[in-house]
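The exercises below are to be worked with the sequence and the coordinates open side by side. Each one sets a task and then goes through a solution in steps.

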Amino acid sequence: MTENTHTLLPPSGTGQVITRFGADLLVETAGGELLRCTTRRKLDQVACGDAVRWERQAQGNAAVTEILPRRNVLERPDFRGKLRPVAANIDLLIVVTSWQPAPLWEMLDRYLIAARRLPAEVLVVMNKADLRAAQTTPEMEACLAEYEAVGYPILHVCADQQAGIDAVSAAIQGRTAIVVGQSGVGKSSIAAQLLPDEAIRVGEIGQTGEGRHTTTSATLYRLPSGGTLIDSPGVRDFGLVGLDFSTLQGGFPEFGAYLGECRFNNCTHNHEPGCAIKAAVSAGKIPPRRFARYLNLLADCNG
Ligand SMILES: Nc1nc2c(ncn2[C@@H]2O[C@H](COP(=O)(O)OP(=O)(O)OP(=O)(O)O)[C@@H](O)[C@H]2O)c(=O)[nH]1
Ligand SMILES: [Zn+2]
C-alpha cells in the first residue's frame, strides 16, 4: 500500500477505513491506495474496518461520504460513558489468556459472549506456554479443559519464543481479526509477532501531517499471510456492556441440549423449580464451575 492523494484517482470510489486520527481518516481504496480523507460530522460514527464511499474534492483531501452497511461493530464506552464504535466488520475475536497472570475465567466468558453477540468467530490463545509447568494448577487445567470440551478452539502459544504464532496466522487467514484480553497476558507481544515491520510503518502514516494518531485509535493491518488484523490498544480490555439474557444463555453452548426442558419456559436457571439446567449440573453433565460463572453473569444481566 502506498499513500496517494494525487489526481490519478478516479473521482469517487469505495474503500476501507484503516484508521482515524482526529477528524481525518486513512482509507484504503478498492485499488489498494492509501487515501487521506476528511469526514462529515454526521459520519462521526465511522470506525476502523468500515467499508465507505469516498469522493475527491475540488480542494484538499478526499471526503468520506457514506458508511456502507456493516456486518458487525465492536463498541466500547468513551470517557463519558457513551458507547463509541471502535472497529467494524470483524470475523474473528482472538481472546488472549496466559498462565501468568492466571486466567480470569469470568472475563474470558464475557469475551466469548461478546463474540457471539457480534457475531464473530472466536479463538482462545493461551499464551506464555513456557510458564505452564511452573504456574499451572489442577484447577486451571480443569477449567481450560472445560472450554475445550464445550468446543472452543484453543491454541497454545509462546509469543516470547515465537512458538505457535504460525497457527494464529493461519487462523486469521482470509479473515479480519481483533486481539483482546486482560492486561499483561501478551496481546502486544502476539500482535508484534504477527505484524511485519512494514505493516507497522503503514499504520504510522497516520502520524504524519496535522492530525495526530492517538494511541487509542484502532488500526487495520494486512498480514503477509493473507489475513487482516485490527490492533487497538483501546479495545483490548473491552468488557461486556448491556448484557441481555438471551446473549448470556447463548454464551453457554453446553446448556443447549437442555433448553426447553425447564418447567418454566422463561426459566433463568437460577431459583426456579424444575430447572433442567440445574438438574444437568447435579447429574454432572454440566461443569459446576461454568454454571457458577453463569450465575454470576446472570446477576449482571439487564433483561
Ligand atoms: N514468559 C513469557 N512472557 C511473555 C510471553 N509473551 C509475552 N510475555 C511478557 O508478558 C508481559 C506482558 O506482555 P504484553 O504483550 O505487553 O501484554 P499485553 O496483554 O499487551 O498487556 P497490556 O498492554 O497491559 O494489555 C511482557 O513482559 C512480555 O514480555 C511469553 O510467551 N512468555
Ligand atoms: Zn432452567
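For what follows, a helix is a DSSP run of H or I with at least four residues, and helices are numbered from the N terminus. The model is a predicted one.

**Exercise 1.** Determine which helix gives the most to the shell around ligand 1, and describe that shell by class.

*Solution.* Begin with the residues around ligand 1, of which there are 16, and pick out those that come nearest: Ser183, Gly186, Lys187, Ser188 and Ser189. Next, assign the shell to secondary structure, where helix H5 (residues 187–194) makes the largest contribution, with 3 residues. Finally, sort the shell by class, which yields 7 polar, 5 charged and 4 nonpolar residues.

**Exercise 2.** Find which residues of H5 are buried, and state what they pack against.

*Solution.* Apply the criterion for burial, namely 20 or more other C-beta atoms within 10 Å of the residue's own; in H5 the residues Lys187, Ile190, Ala191, Gln193 and Leu194 are buried. Because these residues cover an arc of only 160 degrees around the axis, they lie on the same side of H5. This agrees with a general rule: an α-helix has 3.6 residues a turn, so residues three or four places apart point the same way. As a last step, list the partners of the buried residues of H5, which are the strands S9 (92–98), S10 (121–127), S12 (176–181) and S14 (228–231), together with helix H4 (165–172).

**Exercise 3.** Locate the largest nonpolar core and say which domains it draws on.

*Solution.* The largest nonpolar core has 54 residues, and those with the most contacts inside it are Val27, Ala87, Leu93, Ile94, Val95 and Ile178. This core takes at least three residues from each of domain 1 (2–67) and domain 2 (87–235). Taking Leu93 as an example, and leaving aside residues up to four places away in sequence, one finds that Leu93 touches Tyr111, Ala115, Ala120, Val122, Ile178 and Val180. Apart from the 54-residue core lies another, of 8 residues, including Cys267, Val281, Ile286 and Tyr294.

**Exercise 4.** Describe the side of domain 2 that touches domain 3.

*Solution.* Start from the domain assignment, in which domain 3 spans 245–299, and then take the contacts, which join 11 residues of domain 2 to 12 residues of domain 3. On the domain 2 side, helix H1 (105–117) and helix H3 (138–150) each supply at least two residues, and H1 has the largest share, with 7 residues. By class, this side of domain 2 divides into 5 charged, 5 nonpolar and 1 polar.

Definitions and conventions:
Residues numbered from 1 in each chain as written. Chains lettered and ligands numbered in written order. Predicted model: local features only at pLDDT ≥ 70, side-chain atom pairs only at ≥ 80, totals over all residues. Near = placed C-beta within 6 Å. Nonpolar A, V, L, I, M, F, W, Y, C, P; charged D, E, K, R; others polar. Core = buried A, V, L, I, M, F, W, Y, C linked by C-beta atoms within 7 Å. Buried ≥ 20, exposed ≤ 12 C-beta atoms within 10 Å, placed from the backbone. Domains from an automatic or database assignment. Contact = placed C-beta atoms within 7 Å. Arc of directions from axis to C-beta.
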